[in-house]
Amino acid sequence: MGISRDSLHKRRLTGGKKPQYHKKRQYDMGRQMAMTKIGAKRTREVRVRGGNKKFRALRLDTGNFSWGSEVCTRKTRILDVVYNASNNELVRTKTLVKNAIVQIDATPFRQWYEAHYGTTVGKKVHKKKEGEEGKEPVKQSKSVLAKIAKRADARVLDPNLNSQFDTGRLLACVSSRPGQCGRCDGFVLEGKELEFYVKRMARKKK
């Protein structure tokens, strides 16, 4: 027997049985879960109703993630699955699904931020040792310096996000459906949402 998504076999809210006026139909059909894991990209094409195609991702290791407050989207590596509201088993098995909280590589965002604002982010300043020479600053025109200075005036970086740049990993939420579209895209967590998930994860560790 295949996987069925019909509700004919279920009882009514009052407890009464429904009459079975037809047998199973193909349009009630369901398919097995993709259970997408972290690894080198591997997708399968599935023919679906109407001759359309779905892309079943079996393994993925990269995705496009958006940093909303800075309006910056970068392709980056997915490193780990750390939280899932629906099922802890999906965290243990590192399964990529929609709304899973994942850790992503912060490098592309850090490089963009430093180029855009002209300041280092998330790095602890190390004292220079004797005999060591620092990198020479890149020469920039006055117009570029003025532009960077103007941006720096309005610059506000969430302290929680800044501390994540220290570790080189950012928390992000998956907003695409890897088992349906074959991609794992999402957005970087920040503000109240980031605080909420950090608290939830701290509670689970206890």
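Biologist: Let's start with one side chain in this predicted model. Is Tyr113 buried or exposed?

Modeller: Tyr113 is buried, because its relative accessible area is 0% and anything under 20% gets that label.

Biologist: Which ring does Tyr113 pair with, and how are the two planes arranged?

Modeller: The general idea is that rings pair if their centres lie within 6.5 Å, and that planes neither under 30 degrees nor over 60 degrees apart count as tilted. Here the partner is Tyr117: the centres are 4.6 Å apart and the planes sit at 45 degrees, so this pair is tilted. Tyr117 is buried as well, with a relative accessible area of 9%.

Biologist: Where do Tyr113 and Tyr117 lie relative to each other along the chain?

Modeller: Both are in helix 2, and being four residues apart puts about one helical turn between them.

Biologist: How many aromatic pairs turn up in the whole structure?

Modeller: A search finds nine. One of them joins Trp67 and Trp112, an edge-to-face pair with 6.2 Å from centre to centre and 70 degrees between the planes. That pair links distant parts of the chain, since Trp67 belongs to strand 6 (residues 62-67) and Trp112 to helix 2 (residues 107-117), 45 residues apart.

Biologist: Are those two tryptophans buried or exposed?

Modeller: Trp67 is buried at 1% relative accessible area. Trp112 has 16% relative accessibility, so it also counts as buried, the cut-off being under 20%.

Biologist: Which residues do ring pairs link into a cluster?

Modeller: The cluster holds Trp67, Phe109, Trp112, Tyr113, Tyr117 and Phe165. Happy exploring!

Notes
Residues are numbered from 1 along each chain as its sequence is written. This is a predicted model: local features need pLDDT of at least 70, side-chain atom pairs count only at pLDDT 80 or more; totals for chains, interfaces and linings use all residues. Side-chain values use heavy atoms; hydrogens and water are left out. Rings of Phe, Tyr and Trp (its six-membered ring) pair if their centres lie within 6.5 Å; planes under 30 degrees apart count as stacked, over 60 as edge-to-face and the rest as tilted. Helices (H or I, at least four residues) and strands (E, at least two) are DSSP runs, numbered from the N terminus. Buried means under 20% relative accessible area, exposed over 50%, partly exposed in between (1.4 Å probe, protein chains only).
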